[in-house]
Amino acid sequence: QVQLVESGGGLVQAGGSLRLSCVASGRTFSNYAMGWFRQAPGKEREFVARITRSTYTTYAISVKGRFTISRDNAENTMYLQMNSLKPEDTAVYYCAASSRAYDGSSYSLTRSTDYGTWGQGTQVTVSS
């Protein structure tokens, strides 16, 4: 099973940027689809972005155009570049790995139940 460790969270002013990293170890990183989810206090965990093994990406409507997901298989690392941050982006951000197959739709692999391995999370706080 792959292990995941996130980093890069912090405190930033509205309009600022952060880049989150998720480093994988233990299994072949390139065999997994990867996703970012977030959970704000008192709210359900929600999907943010996903990148398949073939680098097909999809985004939540709330972050589309502001966030970019990417992966570097040589470095066993996934990234989330977050620009134009808003206070409502404040949450704990989790990376996750899925061994399920991508079915070709934009909704594929966007549910938390699609993912079997999770990191510990990294806090992102956006001040107004």
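The secondary structure of the protein, taken here from a predicted model, comes to 11 strands and 0 helices. Read from the N terminus, the order of elements is simply β-β-β-β-β-β-β-β-β-β-β. This strand-only listing is a handy starting point for a first look at the fold.

The overall dimensions come next. The radius of gyration is 14 Å, which agrees with the value near 14 Å that a compact globule of 128 residues would have. Along the principal axes, the C-alpha atoms fill a box of roughly 40 × 30 × 25 Å. Of the 128 residues, 45% are buried. The accessible surface amounts to about 6,500 Å², and carbon and sulfur atoms account for 45% of that area. Contacts also reach across the sequence: among those between residues at least 6 apart, 60% join residues at least 24 apart.

One covalent link deserves a closer look. In general, a disulfide is a covalent bond between the sulfur atoms of two cysteines. A search of the whole structure finds 1 disulfide, and this bond joins Cys22 to Cys95 with an S to S distance of 2.1 Å. Cys22 belongs to strand S3 (residues 18-25) and Cys95 to strand S9 (residues 91-98), so the pair ties together parts that are 73 residues apart in sequence. The torsion about the S-S bond of Cys22 and Cys95 is about 60 degrees, and the disulfide is therefore right-handed. Both cysteines, Cys22 and Cys95, are buried.

Aromatic side chains form another feature to look for. Across the whole structure, 5 aromatic pairs are found. Ring pairs link Phe37, Phe47, Tyr115 and Trp118 into a cluster. A charged side chain joins the picture at Trp118, where the charged end of Arg45 sits over the ring, 4.6 Å from its centre. Arg45 also lies over the face of Tyr94, at 3.9 Å from the ring centre.

The loop between S9 and strand S10 (117-118) holds Asp114, and Leu109 lies in the loop between S9 and S10 as well. Asp114 has a relative accessible area of 6% and is therefore buried, since the limit for this class is under 20%. Leu109, with a relative accessible area of 4%, is also buried. The two residues meet: leaving aside neighbours within four places in sequence, Asp114 is in contact with Leu109, Ser98 and Arg100.

Backbone angles add a further detail. In general, most residues other than glycine have a negative phi. Leu109, a residue other than glycine, has a positive phi near 60 degrees. Asn76 likewise has a positive phi, of about 55 degrees, although it is not a glycine. Asn76 is found in the loop between strand S7 (67-72) and strand S8 (77-82). With a relative accessibility of 28%, Asn76 counts as partly exposed.

A last stop is Pro41, in the loop between strand S4 (33-39) and strand S5 (46-51). Pro41 counts as exposed, at 73% relative accessibility. Computed along the chain in residues, Pro41 and Val92 are 51 apart, while their C-alpha atoms are 8.5 Å apart in space.

Notes. Residues are numbered from 1 along each chain as its sequence is written. This is a predicted model: local features need pLDDT of at least 70, side-chain atom pairs count only at pLDDT 80 or more; totals for chains, interfaces and linings use all residues. Side-chain values use heavy atoms; hydrogens and water are left out. Rings of Phe, Tyr and Trp (its six-membered ring) pair if their centres lie within 6.5 Å; planes under 30 degrees apart count as stacked, over 60 as edge-to-face and the rest as tilted. A charge sits over a ring if NZ of Lys or CZ of Arg is within 6 Å of the ring centre and within 35 degrees of the ring normal. Helices (H or I, at least four residues) and strands (E, at least two) are DSSP runs, numbered from the N terminus. The radius of gyration is taken over C-alpha atoms; the globule rule is 2.2 Å times the number of residues to the power 0.38. Buried means under 20% relative accessible area, exposed over 50%, partly exposed in between (1.4 Å probe, protein chains only). Contact means heavy atoms within 4.5 Å. Accessible areas come from the Shrake-Rupley method with a 1.4 Å probe; for residues, only the protein chains shown count as cover. A disulfide is a pair of cysteine sulfur atoms within 2.5 Å.
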